[in-house]
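Subject: Structure for you to look at

Hi,

Here is the structure I promised to pass on. Have a look at it first, and then read my notes below.

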Amino acid sequence: MANIVEQIKEELSNFDESIYITEPEGSESLRYIGEDTNGYPFNQKARIQQIDRYYNSEFESGKYDGEGQRKTFLNIVKFAADVAAKQTDLDVKDFTFIPDSDKVVDKVELCKKVFTNWTRENEYGHLLNELNKDFSKYGSCVSKRVGDKVERVPLRNLKNTQDAISLKDAIVSGGYVIQEHELTPHQMRQFSDWTIPNLTEGKKYKVYERHGLVDPEGYDVLDGDDYVYAVTFILGDSDEAISEDGKILFMEQMEIEDFPYDEAHWSKQDGRWLGIGEVENQIENQIARNLSTNLRRRSMLWGSKKIFQSADTDNIGKNLITEVADGEVLEVGVNGAIQPVNMSTQHGADYSQDDAVWQENSRQKSFIFEVNTGESLPSGTPFRLGVILSTASETHFNLKREYFGFFVKRMFYNQLIPIFKDKVRTKEQRVALARDANGIQRVKDAIVTKEANRRLMDKILDENLTRNLQTLSFNFEEEAEKVKAELDKQPYFFLTGKPGVFDDIKFDMTLTITGEEIDINRQIETLSTLVQVLPPEDPRRSDIIARIVQLTGMDSTPFIEKNGTITGSNQNLNANQALTGTTESATGTVV
């Protein structure tokens with residue numbers, strides 16, 4: 001039986017070593033790989049450190065060269081990564097909730113508003129920005145569900161099987177995923193089920209969270225005859241001696257379906273888990289630009305020096321600046337005239353040409369043209385060429401944005417929605433809506449109808465008590481107009497939904513983020529054609545128009561009648577009943 005503590009030590013040691021990446025068998029590129037190496041080395045830890053250094057304009061060999069001169073770092077990788085992040089940016093506002101039927105339109109609309117408020121309170125927009133930055137910078141981003149939150153996992157704290165296809169594949173194939181934490185004893189005690197040895201208070205200790213297969217023999221918390229998936233928290237080495245048994249803080253057997261991590265990759269290379277981001281994509285260009293920049297700088301330093309020569313220096317100082325006074329007459333012998341030495345650089349054009357070559361190569365590799373950065377196109381650039389560059393760049397970044405969108409959608413369904421449902425399942429949902437907010441006209445109409453009905457009921461009860469039912473007079477339309485006028489005077493009002501209203505929301509709607517799930521434009525185009533073909537009196541036109549509006553994520557209220565029913569709908573859905581099918585599920589209150 002392999003001791004889990006010794007096993008994790010071996011895995012951490014293996015992570016520090018390089019792996020060798022080879023081409024698939026039969027590839028013609030194999031002839032370029034030496035027989036001694038059978039590939040080229042790659043180390044995930046070293047590559048992430050290199051990316052961080054380059055992104056922050058730090059040389060791997062230090063700031064000074066062998067002669068003690070300060071080196072200059074002309075950073076081009078940060079620009080490429082930041083532009084890529086801007087082009088692929090996603091936010092919660094990009095989540096489009098499309099109801100799968102007319103019966104759940106209001107339920108989905110309420111879910112959208114509650115979810116938007118919930119994500120804003122928990123700063124999930126900031127989380128998406130951080131993940132997107134990792135996505136373009138490192139080439140990989142990782143999210144993790146931790147209790148009732150979803151967090152970004154810093155890649156420098158992640159240690160995994162370097163040649164795994166994915167993190168989950170690393171687990172099922174016998175590899176490992178280890179996340180490094182730094183915790184104080186006080187932070188460790190927040191986990192009531194941890195076994196914590198005596199530690200120095202206030203000091204930070206490394207804690208390794210390992211996910212992987214474990215031999216259950218010898219561990220009471222594990223059950224099975226074969227290796228099982230378990231998460232283990234192990235206390236790392238510190239200055240104090242800790243017994244071998246005391247290093248295991250916590251261990252729990254898990255199902256592979258409960259694996260808490262998810263990931264996305266900018267570009268993948270077979271043979272390694274870490275993706276290839278824009279910083280790594282520009283490494284060779286960065287080295288070349290730094291080399292050219294520092295050679296030009298040295299040429300400028302030499303060119304700025306004033307050096308003179310003379311055949312007779314008996315009566316001339318060695319340094320004209322420090323040894324010659326203002327107005328002094330120099331004595332120079334026969335044929336000993338003082339002449340300047342030409343120190344000007346002769347390679348300015350070569351430097352400029354080299355820079356232009358590498359700059360163009362950078363643009364081509366990253367699809368970063370003037371149309372992306374907001375710069376003006378070079379003078380004389382044909383308009384057609386500008387359009388071609390814009391289309392090529394847009395296509396490239398749309399593909400990357402789609403990759404990130406798939407990841408965000410998985411995170412939404414697998415991580416965010418379970419947390420969201422747990423938070424709102426047992427509570428009555430109450431959302432404050434601005435009077436003039438977009439997409440609430442249907443709700444306002446429902447509130448008007450409900451309030452008018454309530455006033456009618458009060459009138460009936462009042463007449464019943466006075467036994468004057470014969471004199472009952474109530475103009476419903478007139479009372480509805482009064483309620484509407486009162487509602488329009490208020491800055492906001494509330495919409496409430498019963499507990500459990502979102503239990504089946506995953507099956508009631510389609511979530512689209514970048515439009516990759518359904519071709520929205522094509523559907524809208526097709527439905528628009530049907531609207532033009534159908535005669536104006538055909539009731540199906542209203543259904544189609546409402547669906548077109550819903551596909552854009554907007555409210556279809558302009559096509560809803562005042563009584564809260566969808567014009568032309570076969571269901572005649574009432575807005576008051578839309579949340580759970582009962583008139584008590586949604587109520588409006590004038591505030």
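To start with the salt bridges: which side chain meets that of E11 in a salt bridge? The partner is R210, with 2.9 Å from N to O. Keep in mind that this is a predicted model, so everything here is computed from it.

That pair links distant parts of the chain. E11 sits in helix α1 (residues 4-15), while R210 belongs to strand β8 (residues 205-214), and the two are 199 residues apart. Are they buried or exposed? E11 counts as buried because its relative accessibility is 7%, under the 20% cut-off. R210 counts as buried too, because its value is 0%.

There are other salt bridges to look at, since the count comes to 15 by the rule used. Another one brings together the side chains of D52 and K137, at 3.4 Å from N to O. D52 lies in helix α2 (residues 44-55) and K137 in helix α5, so this salt bridge ties together parts that are 85 residues apart in sequence. Both D52 and K137 are buried.

Then have a look at R272 and E280, whose side chains form a salt bridge at 3.0 Å, N to O. These two residues are buried as well. Which residue joins R272 and E280 in a network of salt bridges? It's R47.

Now for the sheet. You'll find an open sheet of three strands, in the order β5-β4-β11, and the pairing is antiparallel. The edges are β5 (149-152) and β11 (261-265), each of which pairs on one side only. From one strand to the next, the twist averages 20 degrees.

How many bridges join β4 to β5? There are four, and the two strands run antiparallel, with β4 covering residues 140-146. If you want one pair to click on, take K144, whose bridge partner in β5 is E151.

Finally, which helix lies across β4, β5 and β11? That is α5 (residues 124-137), which runs at about 30 degrees to β5. You've met helix α5 already: K137, the salt-bridge partner of D52, is in it. I'd go through the sheet and this helix together, then go back to the salt bridges.

Shout if anything is unclear.

Cheers

Notes: Residues numbered from 1 in each chain as written. Predicted model: local features only at pLDDT ≥ 70, side-chain atom pairs only at ≥ 80, totals over all residues. Heavy atoms only, no water. Pairing = 2+ DSSP bridges. Axes fitted to C-alpha atoms, helices over the stretch in contact; angles between N-to-C directions. Contact = heavy atoms within 4.5 Å. Salt bridge = Lys/Arg side-chain N within 4 Å of Asp/Glu carboxyl O. Buried < 20%, exposed > 50% of the residue type's maximum accessible area, 1.4 Å probe, protein only.
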